[in-house]
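Here are my notes on this one, set out as numbered points. Please have the viewer open as you read.

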Amino acid sequence: MNAHSEQPYAVQIAQLSTKRPWSWYRFFEKWKDFSFALPALLFLLVFTYYPLIYSIYISMTNWNMTRPIKKFVGMENYTKLLSSEEFWKVLTVTFKYTVFDVFFTIVIGLGLALLFNSTSKIFNFLRAVVFMPYYISMVVAAMIFLWIFNAEYGLANYILHLTGFDPVAWMTNPNTALSALITVSLWKGVGFAMLLFIAGLRSIPMEYYEASSIDGATRWSQFRLITLPLLSPMTLFLIITNFIGSMQVFQSIDIMTNGGPLNATKAMVFWIYQMAFSDFRTGRASALVVIFFIIIITLTVIQLWISKKRVHYEG
């Protein structure tokens, strides 16, 4: 008898089973995890990646939505947009709105988090009141503030009248229209930032504050040297998400100002909408989409790179 025949029968069966030819069962076992993700991947392919690739193709044509002909023009749409004065003015308005919106959302959200970081019932109620506008649709919020900022019978001018100030033409004055739009965004967004900062504050161990108090640290020193550094991951998350959202502002502009007055509130996404669906210059609008997409991705990557460098430096 050879060595193979002397092995137990169960071992011989196991060895033979490992040498079985290809089967559907083994194929499914190998790829079952991927098959579960396949529906989501197909969804992304159909509704995200294909439209993006097709938009890049459309951006290199002179397609007008009123006619089916698409003539390839190469980079002509890009060069005309980048050399136009309107593009840089709209980009400036978009950046101005984004910077102020993100900055005040972070500052006010952190301030409210420090103020309402308590477990008492009254503070629970106040947190709910501040957070409630986050669930309101931007369309509804814009309609509410359109009445509040009405020059004749709005609540804002009524309060100014009671305090002895002259009324302000909020929506028709180029110097105040953008501020009114930022106010709507802040009213909706600071509650969400507040809750995230409260979660970050409660994750900081109290031992850090107790040890610093023993060493004689003041409240300001604790806030500057303990609270702010340990809240930096939450702050970075809010900066990036608010930055991307603010750069794509559209609904409040469409309802409250329609890009005016004197294009003082014409942001990038609203201009894309006008160019595509009012002027029917679909090719140029697609080129603007691609440029705007590259700008957002580039600035987001820069923010992530700066944050990583800062964490590495502090570490």
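1. Let me start with H8, whose buried residues pack against H7. Those buried residues are Ala156, Asn157 and Leu160. Looking down the axis of H8, they fall within an arc of 90°, so they line one face of the helix. The face turned away from this buried side carries the exposed residues His161 and Leu162. Just after H8 comes Gly164, with a positive phi near 90°. Please keep in mind throughout that this is a predicted model.

2. Now for the partner, H7, which covers residues 138–148. Its buried residues are Met138, Ala141, Ala142, Phe145 and Ile148. Seen down the helix axis, they fall within an arc of 115°, so they too line one face of H7. The spacing fits a familiar rule: an α-helix has 3.6 residues a turn, so residues three or four places apart point the same way. What does this buried set of H7 pack against? The neighbours are H8 (155–162), H9 and H13 (251–256).

3. The start of H7 deserves a look as well. Ser137 caps the N-terminal end of this helix. One of its side-chain oxygens lies 3.2 Å from the backbone nitrogen of Val139.

4. H9 also meets H6. H6 (residues 121–131) and H9 (residues 177–202) pack with their axes 7 Å apart, at an angle of about 140°. How should one describe that angle? Roughly antiparallel would require over 145 degrees, and the two helices are therefore oblique to each other. On the H6 side the contact is made by Arg127, Val130 and Phe131. H9 contributes Gly191, Phe192, Met194, Leu195, Ile198 and Arg202. By character, the residues of this contact divide into 6 nonpolar, 1 polar and 2 charged.

5. Next, a polar residue to check: is Asn242 of H12 (residues 232–247) buried or exposed? Asn242 has a relative accessible area of 16%, which is under the 20% cut-off, so it counts as buried. A polar atom of its side chain lies 2.7 Å from the backbone oxygen of Leu238. Setting aside neighbours within four places in sequence, Asn242 is in contact with Val102 and Thr105.

6. I would also inspect the backbone in the loop between H13 and H14 (268–277), where Pro261 lies. The peptide bond from Gly260 to Pro261 is cis, with omega near -5°. Leu262, in this loop too, has a positive phi of about 55° although it is not a glycine. With a relative accessibility of 71%, Leu262 counts as exposed.

7. There is another positive phi at Phe280, of about 60°, and this residue is not a glycine either. Phe280 is found in the loop between H14 and H15 (282–314). Its relative accessible area is 33%, so Phe280 is partly exposed.

8. Finally, the chain as a whole. Its secondary structure comes to 15 helices and 0 strands. Of its 315 residues, 35% count as buried. Among contacts with a separation of 6 or more, 66% are between residues 24 or more positions apart.

Notes: Residues numbered from 1 in each chain as written. Predicted model: local features only at pLDDT ≥ 70, side-chain atom pairs only at ≥ 80, totals over all residues. Heavy atoms only, no water. Axes fitted to C-alpha atoms, helices over the stretch in contact; angles between N-to-C directions. Helix = DSSP H or I, 4+ residues; strand = E, 2+ residues; numbered from the N terminus. Parallel < 35°, antiparallel > 145°, perpendicular 65-115°, else oblique. Contact = heavy atoms within 4.5 Å. Nonpolar A, V, L, I, M, F, W, Y, C, P; charged D, E, K, R; others polar. Buried < 20%, exposed > 50% of the residue type's maximum accessible area, 1.4 Å probe, protein only. Arc of directions from axis to C-beta. Polar contact = N/O pair within 3.5 Å; in protein donor to acceptor, adjacent residues only side chain to side chain.
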